[in-house]
Amino acid sequence: MDKLQNTTCCIAGGGPAGMMLGYLLARAGIAVTVLEKHADFLRDFRGDTIHPSTMEVLRQLGDLPAFLALPHTKFDKMSFSFDGRVATVADFSTLKVQTNYVAMMPQWDFLDFLADRGRSFPNFQLRMQAEVTGLLTEGGRVIGVTGQGAEGPFEMRAALIVAADGRSSPLREAAGMRVRDFGAPIDVLWFRVSRRDSDSLNSLGRFVAGNLIAMLNRGSYWQCAHVVAKGGSDAIRAAGLDAYRRVLDRTLDLTPPRAGEITDWDQVKLLSVTVNRLDQWWREGLLFIGDAAHAMSPMGGIGINVAIQDAVVAANLLVASLRRGEVSGADLAAVQKRRLWPVRVTQRMQVLAQNRVISPMLGDTAAKIPLPFRILSAVPWLRRFPARFIGMGLRREVPGPEFLAK
């Protein structure tokens, strides 16, 4: 087994949480290695919404102008259409921040951006095609990881291992962590269709005849999320692709119709929605953040931004201990303590939205506007509250002084 160069902090997973934490620690002079199992970040139908809270972090780091120079689209209102009747439920333009809107950007561009920023520091390493599969322990403490790389098995030791390896985290199982599942009555089918200049600019949720599809403007195409009942994708596939295309054209209501661009079921990807959370996010020498600690629902598209806030808190609270090369259980518990309340409340709100608002709409051909949506649409000043919750989160997390642009 090959041994990779030891480091101070080893991060398993090059998603938003892992890349942001790696970048922040590198800015503070910590030796950090991010291990990413894929050869690149090019995987479609991942979360592509960069919310104001994340752009505020980039602004404080001095990176916002470069980020905004990347191709992206934006929207400042969250609206739903019910058989042509539009209800606006959140208005991000009311937020008192520089970027008071949601930026739509392919996640691979965002991750490449963070990787490039990280590589500007000599103490940052990103190793692609390095899949972490297990843990090294000594005296009950995690001291490293094992994995499989392009050239064979490897191991790496570090003062701290951070598991940012997603909702299917192999390190959760390797560490014997207890996961609490909160259930989800929905799944999501992701697909894309082309976008034309004559189409609306606005991202929008469309509800027609018992079908709910979120349409996200990605410039040259619409990225679409078809919300279905849990397990409902099997029946949709069994009915055949022609029947599904008819449902899509009726719901998307694009002129000319675009569902014919979907010629194979391989173009429709299933996201099995899961909402869960670790009881404890750490053990000695090991910390879980992002989806590895708490899988979020796609409701509100806030998963990336919650993960970024985890990374900011972890960097703020652990940088001093990492400089000493000694990270205690108390240090790691402090990260969970800081993040647990906003994550817990956010998940609770997502579960309520899934169970009480979204799920009852599916299959209801009447297309009635839910009461909360009617209230928010009728009273514009109320829209600032969901905008604050979705756009900024329950607890604003900012990088400490050691990470800020000089």
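How do the residues of the lining of the largest cavity divide into nonpolar, polar and charged? Keep that in mind, and I'll get to it in a minute. Oh, and before I go on: what we have here is a predicted model.

Okay, cavities. Rolling a probe the size of a water molecule over the atoms shows where empty space is left. Searching the whole structure this way turns up 2 cavities of 30 Å³ or more.

Let's take the largest cavity, with a volume of about 110 Å³. Its lining is made of 16 residues, and the ones nearest the centre are Val 306, Gln 309, Thr 346, Phe 389 and Gly 393. So here's the split I asked about: 9 nonpolar, 5 polar and 2 charged. As for where they come from, helices H8, H9 and H11 each give at least two residues. H9, which runs over residues 329–361, has the largest share, with 4 residues.

Now the second largest cavity, at about 70 Å³. Which helix gives the most to this lining? That's H2, with 5 residues, and H8 also supplies at least two. Among the lining residues are Ser 53, Val 57, Asn 305, Met 392 and Arg 396. The division here is 4 nonpolar, 5 polar and 3 charged. Look out for Gln 309 too: it is in this lining, and we already met Gln 309 among the residues nearest the centre of the largest cavity.

Next, helix H11, residues 384–392. Which of its residues are buried? They are Pro 386, Ala 387, Ile 390, Gly 391 and Met 392. And what do they pack against? Three helices, H2, H8 and H10, plus strands E6 and E7. Right after H11 comes Gly 393, with a positive phi near 85 degrees. That's the Gly 393 from the lining of the largest cavity.

Last stop, the nonpolar cores. The largest one has 62 residues, and Phe 92 and Phe 288 have the most contacts inside it. If we skip its neighbours within four places in sequence, Phe 288 touches a whole list of residues, including Leu 171, Met 177, Leu 278 and Trp 281. The list isn't purely nonpolar, by the way: Ser 169 and Arg 172 are in contact with Phe 288 as well. Then there's a second, separate core of 54 residues, which includes Val 57, Leu 111, Leu 126 and Val 319. And Val 57 should ring a bell, since it also lines the second largest cavity.

Note on methods
Residues numbered from 1 in each chain as written. Predicted model: local features only at pLDDT ≥ 70, side-chain atom pairs only at ≥ 80, totals over all residues. Heavy atoms only, no water. Buried < 20%, exposed > 50% of the residue type's maximum accessible area, 1.4 Å probe, protein only. Contact = heavy atoms within 4.5 Å. 1 Å grid on protein atoms, 1.4 Å probe; cavity = no way out; pocket = protein on both sides within 12 Å on 5 of 7 lines; lining within 4 Å. Points joined across faces, edges and corners; volume = space filled by probe spheres on them. Nonpolar A, V, L, I, M, F, W, Y, C, P; charged D, E, K, R; others polar. Core = buried A, V, L, I, M, F, W, Y, C linked by side-chain atoms within 4.5 Å.
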